[in-house]
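Here is a set of questions on how the labels for this structure are earned. Each answer sets a value against its cut-off.

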Amino acid sequence: MFRSTLTAAVLTAVTAAGASAEDTVTIEFAYPYSATFDVTYDAIMPKFKEKHPNIEVKIRASYENYEDGTNTILREAVSGNLPDVTMQGLNRQAILVDKGIAKSLEPFIAKEADFAKDGYHQAMLSLSTFNDAVHGLPFSVSLPVGYYNMDALNAAGITETPKTWDEVIGACEKLQANGVKHPMFWGWNITGNWFFQALMWTQDKPTVEGAAMNLDTPEALAALETMQKLVKGCDMQNLSTKDSFSAFASGQVPMFFWSTSSVGRVDRANVDFTFKTDVYPGMGGAPLGLPAGGNAALLTSTSDDPAVLEAAWAWLTFITSGEGAAEVAKTTGYMPPNKAANDVILADFYEQNANKKTAVDQLPLLRDWQAYPGDNGLAITQILYDGLERIVTGDATDMKELQQELVEEVNDLLPNS
């Protein structure tokens with residue numbers, strides 16, 4: 001099933017260019033999170049069609065999340081039904097490269113005399129580089145930030161946004177005293193254990209080192225204990241992604257810790273309070289690092305038709321560089337992956353959109369959003385998810401005991417264990 005991509009404006013562009021059915025090259029494309037990205041691709045598509053009237057991009061049904069995207073691609077590789085280009089979470093690229101599903105982009109890059117001039121941020125490009133070969137081009141990059149309903153905070157006597165998790169708990173107490181029942185939601189359930197990894201990187205500790213995981217470390221225990229303090233200190237509910245966003249946008253939850261990706265959604269919701277984002281709180285001080293979220297465009301085409309491959313490359317590069325990538329910042333809150341968008345097209349954008357600038361200010365903290373070792377990486381993700389949910393529901397009360405359970409379950413799934 002495909003989402004329609006040809007608006008009246010696009011049809012006009014195609015007709016004006018005199019493209020015929022025989023000239024048209026069709027490629028297929030799939031991406032996650034339709035609620036976030038539909039508006040982005042709707043803005044990009046007419047601009048792409050204006051420059052490439054003979055390329056038709058058919059958009060497949062969107063992936064629910066990054067895990068769903070990876071599982072879908074793995075199934076489609078077996079059935080022989082891969083799209084030409086797919087968007088995958090930054091932490092899910094490695095498995096597709098290892099299995100030969102994601103193609104190296106080096107042969108295409110070599111033909112582009114001015115590719116380096118597109119100004120891809122090296123730190124972002126490195127997230128898609130494996131064995132010294134680029135396999136993906138980052139499309140949207142995010143970092144965790146704090147979302148605040150400043151009217152509610154001010155009414156509770158809070159004039160400064162919290163900079164540590166202890167300050168967050170203190171703000172929760174003031175909000176609760178002012179009649180707010182559930183003052184905070186912390187996005188523990190974001191795909192890929194992203195916020196758990198954020199607590200680890202905050203302490204400058206990677207979750208993964210080589211083929212081992214650092215779950216049996218003091219830093220991992222501190223991460224679990226910090227999460228438990230937040231849940232208990234702020235009477236945090238176990239909300240779904242959709243419900244947590246709605247709770248903030250409706251004013252029910254005045255502090256919302258999430259990816260910068262949803263800033264555009266809040267703006268489009270026309271909330272009736274003063275909305276502000278600010279830097280992500282740390283554990284006793286500013287974070288020492290934070291995991292880069294977001295996704296990258298991968299070439300997964302099985303076609304041997306040079307015209308199809310060139311069309312896929314044209315689409316892949318358009319959406320990740322310059323004009324196409326600028327729409328990411330304008331419509332979402334993600335950061336574009338290149339200087340062409342940030343420094344030229346968006347020269348004044350961030351000064352006029354402070355809520356979207358917060359993540360950009362945190363770029364020096366950018367660290368890898370890590371995949372878990374071996375073929376059981378997705379299963380390990382689920383084990384950690386289930387363990388974190390037990391903290392939120394109150395089923396797990398002893399963090400040392402929970403830590404040991406997670407270590408044992410995960411170790412059984414690691415390579416050579």
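Q: Where does Thr 36 lie, and what makes Thr 36 count as buried or exposed?
A: In this predicted model, Thr 36 lies in helix α2, residues 34–51. Its relative accessibility is 8%. Buried means under 20%, so Thr 36 counts as buried.

Q: Which residues does Thr 36 touch, not counting residues up to four places away in sequence?
A: Thr 36 touches Ser 261, Arg 265, Arg 268, Thr 332 and Tyr 334. Contact here means heavy atoms within 4.5 Å.

Q: What makes Arg 265 a charge over the ring of Phe 245?
A: The charged end of Arg 265 is 3.9 Å from the centre of the Phe 245 ring. The distance limit is 6 Å, and the charge must also be within 35 degrees of the ring normal. Arg 265 is listed as sitting over the ring.

Q: How many aromatic pairs does a search of the whole structure find?
A: The search finds 33 aromatic pairs. One of them is formed by Tyr 147 and Phe 248.

Q: Why is the pair of Tyr 147 and Phe 248 called edge-to-face?
A: Their ring centres are 5.9 Å apart, and a pair needs centres within 6.5 Å. Their planes are at 85°. Over 60 counts as edge-to-face, so the pair takes that name.

Q: Which parts of the chain does the pair of Tyr 147 and Phe 248 link?
A: Tyr 147 is in strand β8, residues 144–149. Phe 248 is in helix α11, residues 241–249. The two are 101 residues apart. Tyr 147 and Phe 248 are both buried.

Q: Why is the pair of Trp 194 and Trp 369 called tilted?
A: The ring centres are 6.0 Å apart, with the planes at 55°. Stacked needs under 30 degrees and edge-to-face needs over 60. The angle of 55° meets neither limit, so the pair is tilted.

Q: Where in the chain are Trp 194 and Trp 369?
A: Trp 194 is in helix α9, residues 194–202. Trp 369 is in the loop between β16 (366–367) and α18 (377–393). They are 175 residues apart.

Q: How do you know whether Trp 194 and Trp 369 are buried or exposed?
A: Trp 194 has 2% relative accessibility. Trp 369 has 5%. Both values are under 20%, so Trp 194 and Trp 369 count as buried.

Q: Which residues do ring pairs link into a cluster with Trp 194 and Trp 369?
A: The cluster includes Tyr 33, Tyr 66, Tyr 148, Trp 165, Trp 186, Phe 195, Phe 257 and Tyr 280.

Q: Why is α9 called oblique to α10?
A: α9 and helix α10 (residues 218–233) pack at about 125°, with their axes 9 Å apart. That angle falls outside the ranges for roughly parallel, roughly perpendicular and roughly antiparallel: under 35, 65 to 115, and over 145 degrees. So α9 is oblique to α10. Their crossing is right-handed.

Q: Which residues of α9 and α10 meet?
A: Phe 196, Leu 199 and Met 200 in α9 meet residues of α10, among them Glu 219, Ala 223 and Met 227.

Q: What makes α18 roughly parallel or roughly antiparallel to α19?
A: α18 and helix α19 (residues 399–411) pack at about 165°, with their axes 10 Å apart. Over 145 degrees counts as roughly antiparallel, so that label fits α18 and α19. The crossing is right-handed. The contact includes Ile 380 and Leu 384 of α18, and Leu 402 and Leu 406 of α19.

Q: Where is Tyr 372 found, and why does Tyr 372 count as buried or exposed?
A: Tyr 372 is found in the loop between β16 and α18. At 5% relative accessibility, under the 20% limit, Tyr 372 counts as buried. Its contacts beyond four places in sequence include Asn 193, Gln 197, Ile 380 and Leu 384.

Q: Why does Asn 131 count as exposed, whereas Asp 204 counts as partly exposed?
A: Asn 131 has 76% relative accessibility. Exposed means over 50%, so Asn 131 counts as exposed. Asp 204 has 43%. That value lies between 20% and 50%, so Asp 204 counts as partly exposed.

Q: What is the phi of Asn 131 and of Asp 204?
A: Asn 131 has a positive phi of about 55°, although it is not a glycine. Phi of Asp 204 is near 60°, again positive in a residue other than glycine. Asn 131 is in the loop between β5 and β6. Asp 204 lies in the loop between α9 and β10.

Technical notes: Residues numbered from 1 in each chain as written. Predicted model: local features only at pLDDT ≥ 70, side-chain atom pairs only at ≥ 80, totals over all residues. Heavy atoms only, no water. Helix = DSSP H or I, 4+ residues; strand = E, 2+ residues; numbered from the N terminus. Buried < 20%, exposed > 50% of the residue type's maximum accessible area, 1.4 Å probe, protein only. Axes fitted to C-alpha atoms, helices over the stretch in contact; angles between N-to-C directions. Left-handed = near helix turned anticlockwise from the far one by under 90°.
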